[in-house]
Amino acid sequence: MGRALGRLKGVDFYRKIPTDLTEASLSGAGLSVIAAVVMVLLLGAELNNYLTLETKTSMIVDRSAQGELLRINFNVSFPALSCEFATLDVSDALGTKRLNLTRTVRKLPINADLERVGHYIHDDRVLDIKYDELPENYTADTINYSSPLSKVDFEAAMKKYDIIIGNFYAPWCPWCQRLEPTWEAVREEVHTKYPDTDGRVHMAKIDCTKEVDLCRDHHVTGFPSLRVFRKGHDEVMNHGLREHESYKGDRTKDSLLAFVETLVPSAGRPHYYVRGMQRVPKSEGCALSGFVLVKKVPGTLHFLPKSSGHSFDYHSINMSHQVGYMYYGNKPSPRRRQALELYHPMGLTEDWADKMQGSNFYSKNQRTTFEHYMQVVLTSVEPSQKNHEASFDAYEYTVHSHLYNTDDVPTAKFSYDMSPIQIVVTERKKAFYHFVTTTCAIIGGVFTVAGIIDGIVHGAGRLAKKVDLGKQG
C-alpha cells in the first residue's frame with residue numbers, strides 16, 4: 001500500500017518547494033496584486049459576456065403557412081373627399097377583388113384642416129338601387145331639363161315651402177338621365193296633390209353644371225343627390241355637429257311617392273329621421289381608418305369616390321391625403337417592443353414599422369392619382385424556449401410614392417408586395433463549458449504571464465546587482 005502511494009506521488013504535476021527555499025520580493029508582490037486585479041476584471045467581463053444575449057440572423061425563403069393572411073392597418077385622411085362617397089376597394093394578383101369594404105373600415109368626417117367635424121359613421125349605402133322601366137323610345141335626347149331652379153329661385157322656394165326635396169343633378173350623368181322620367185312623374189303627382197297654396201312640400205331640380213356655387217355650398221359631389229330641406233336649410237345638429245338629410249332609397253315612382261308622404265306630416269317641424277332618409281355629415285373631407293386582411297401576394301388598396309347609382313365629375317375631385325398610419329401585422333405590446341429592440345439586428349428606429357406615418361401628399365390639380373408602392377419584409381424573432389412571450393413576427397417595409405394626372409377615376413393607391421425572403425432572428429444560448437474553459441484560460445494565462453514577467457524582473461534585478469559589484473564576468 002505504501003509502495004503504491006509512493007508511485008502515485010511520482011505523477012504529481014504540482015511538486016511542492018519547501019518554504020525555506022522560496023524568497024518573497026517586492027516586485028513579485030506588486031505583480032501578484034496586478035495579476036489578481038486583471039483576473040477579476042477579465043472574469044467579470046467573461047461573466048457579463050456569458051449572460052449577455054447573443055442572436056443569430058439568417059435569411060431564408062419565406063416559410064409562411066399556405067393561405068396565411070396579412071393584416072394591413074391604416075388611417076388615411078382626405079380633406080376633399082366626402083364620407084358620403086369615400087370607398088375602399090382591395091384587389092390582388094390572384095384576381096381577388098373586394099369592393100366597398102365596410103365591416104372593418106370606419107369613416108370620420110373632417111374639414112379641410114383635417115379637424116374632426118362629425119361622428120364615426122357606418123356605411124349603409126344601398127348597393128342595388130331600383131329604377132322604374134324606361135318608356136319605349138326614351139333616349140337622353142328626349143329628356144326635358146326645362147324646369148331647374150337657379151340659385152335665386154331656389155332660395156326663394158326654400159322660404160316659401162316648409163319642405164323642399166332637391167334633386168341636384170348633372171345632364172351628362174346616366175343615373176340622372178334614368179331618374180328623370182320618374183322624377184317628373186312624381187313631381188307632377190305631388191304638386192297636384194299638394195299645390196302651391198298648400199305650401200307644405202315642393203320638389204325642385206338644380207343643374208349643378210350651371211349652379212356650381214350652389215351645389216358646392218351644399219357639398220354635392222355625386223349625382224344625383226336628393227336632399228331634404230326644411231325651413232330653408234338641410235342642416236341637422238347632432239350633438240353639436242352639422243349633418244344633412246339625404247334620400248338613399250330606391251328611385252322608383254312608388255318609393256319616391258311613399259317617401260314624400262312620410263315627409264308631409266312633419267312639415268313645419270324641425271328635422272327628424274324619416275324612413276328612407278340618411279343623415280350624412282356636412283363636411284368636405286373624410287378620414288378612413290381600420291384594417292383589412294389580405295393574402296400574402298401583391299395587391300393594392302384603392303381609396304376612391306364611388307357609389308352605386310351616382311356619377312361624379314372627376315374634374316372636381318382632389319385625392320390629396322395625409323397618412324396617419326400604415327403598418328402591417330399587429331402592433332407589439334410595450335413588453336414585446338422592448339424585446340424587439342434587443343433582438344432586432346440593427347435595433348429599432350422611430351419609423352421601423354411605419355415609414356408613412358404623418359406623411360402628406362397634396363396636389364393642386366384635380367384628377368390626380370397618387371400611387372404608393374411598398375415592399376414588405378417579414379422579420380421573425382425566435383427567442384429561447386424559456387422566453388416564448390417574446391416570439392414575434394414584425395413587418396417592415398420600404399415605400400416609394402409618385403403622382404400623375406389621369407383621364408380615369410382619380411384614386412389613392414397603396415400597393416404592397418411581400419418579399420420572398422424572410423429574416424429569422426434566433427437566440428443563441430452560450431454553452432456553460434465554454435464559460436468554464438474561458439475562466440480557466442483567464443486564470444492560468446494571467447498567472448503564467450505574471451510569472452514570466454516576475455522572472456524577467458527578478459533576473460534583471462540580480463543582473464543589475466552583479467553589475468554594481470563588478471562580477472558580471
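Start with the whole chain and switch on its surface: the accessible area comes to about 26,800 Å², of which 56% belongs to carbon and sulfur atoms (Shrake-Rupley method, 1.4 Å probe; for residues, only the protein chains shown count as cover). What you are looking at is a predicted model, in which local features need pLDDT of at least 70 and side-chain atom pairs count only at pLDDT 80 or more, while totals for chains, interfaces and linings use all residues. Residues are numbered from 1 along each chain as its sequence is written, and side-chain values use heavy atoms, with hydrogens and water left out.

Now colour by burial. Of the 473 residues, 41% count as buried (under 20% relative accessible area; exposed is over 50%, partly exposed in between, with a 1.4 Å probe and protein chains only). Switch to a cartoon and you will find eight helices and 20 strands (DSSP runs numbered from the N terminus: H or I of at least four residues for helices, E of at least two for strands). Among contacts between residues at least 6 apart in sequence, 82% join residues at least 24 apart (a contact means heavy atoms within 4.5 Å).

**Stop 1: strand β20**

Select residues 412–428, which make up strand β20. Which strands pair with β20? Two strands count as paired if DSSP finds at least two bridges between them. Add β1 (residues 54–61): eight bridges join β1 to β20, and the two run antiparallel. To see one pair of partners, show glutamate 54, which stands opposite arginine 428 in β20. Next add β14 (residues 299–305), which pairs with β20 in the antiparallel sense over five bridges; here leucine 301 has phenylalanine 414 as its bridge partner. Finally, bring in β18 (residues 368–382), whose pairing with β20 is parallel and spans 12 bridges. Phenylalanine 370 is the residue to show there, opposite alanine 412 in β20.

**Stop 2: helix α8**

Move on to residues 432–469, helix α8. This helix has 38 residues and reaches 56 Å from its first C-alpha to its last, close to the 56 Å expected at 1.5 Å a residue (the expected span is 1.5 Å times one less than the number of residues). Show side chains for Phe435, Thr438, Thr439, Ile442, Val446 and Ala450, the buried residues of α8. Then display α2 (26–51), which is included in what covers them. For contrast, select cysteine 440: with a relative accessible area of 51%, this cysteine is exposed.

**Stop 3: the cysteines**

How many disulfides does the model hold? The count comes to two, taking a disulfide as a pair of cysteine sulfur atoms within 2.5 Å. Select cysteine 83 and cysteine 286, joined with an S to S distance of 2.1 Å. This pair links distant parts of the chain, 203 residues apart: cysteine 83 sits in the loop between β2 (69–78) and β3 (86–92), and cysteine 286 in strand β13 (residues 285–295). Both cysteine 83 and cysteine 286 are buried. Look along their S-S bond and you will find a right-handed link, with 100° about the bond.

The other disulfide to select is that of cysteine 208 and cysteine 215, with sulfur atoms 2.0 Å apart. The torsion about the S-S bond of this pair is about -90°, so the disulfide is left-handed. Cysteine 208 and cysteine 215 are both buried. In sequence order, the bonded cysteines pair as 1-4, 2-3.

Why does cysteine 176 have no bond to cysteine 173? The closest cysteine sulfur to that of cysteine 176 is in cysteine 173, 3.0 Å away, which is too far for a bond. Cysteine 176 is buried, at 4% relative accessible area.

**Stop 4: salt bridges**

Turn to the charged side chains, where the count is 13 salt bridges (a side-chain nitrogen of Lys or Arg within 4 Å of a carboxyl oxygen of Asp or Glu). Select glutamate 84 and lysine 248, whose closest N and O atoms are 2.6 Å apart. Glutamate 84 lies in the loop between β2 and β3 and lysine 248 in the loop between β11 (241–247) and α6 (253–263), so the pair ties together parts 164 residues apart in sequence. Both glutamate 84 and lysine 248 are buried.

Next, show aspartate 217 with lysine 151, a salt bridge with closest N and O atoms 3.6 Å apart. Aspartate 217 belongs to helix α5 (residues 212–217) and lysine 151 to helix α3 (residues 151–160), 66 residues apart. Aspartate 217 is partly exposed at 44% relative accessibility, and lysine 151 is partly exposed at 31%.
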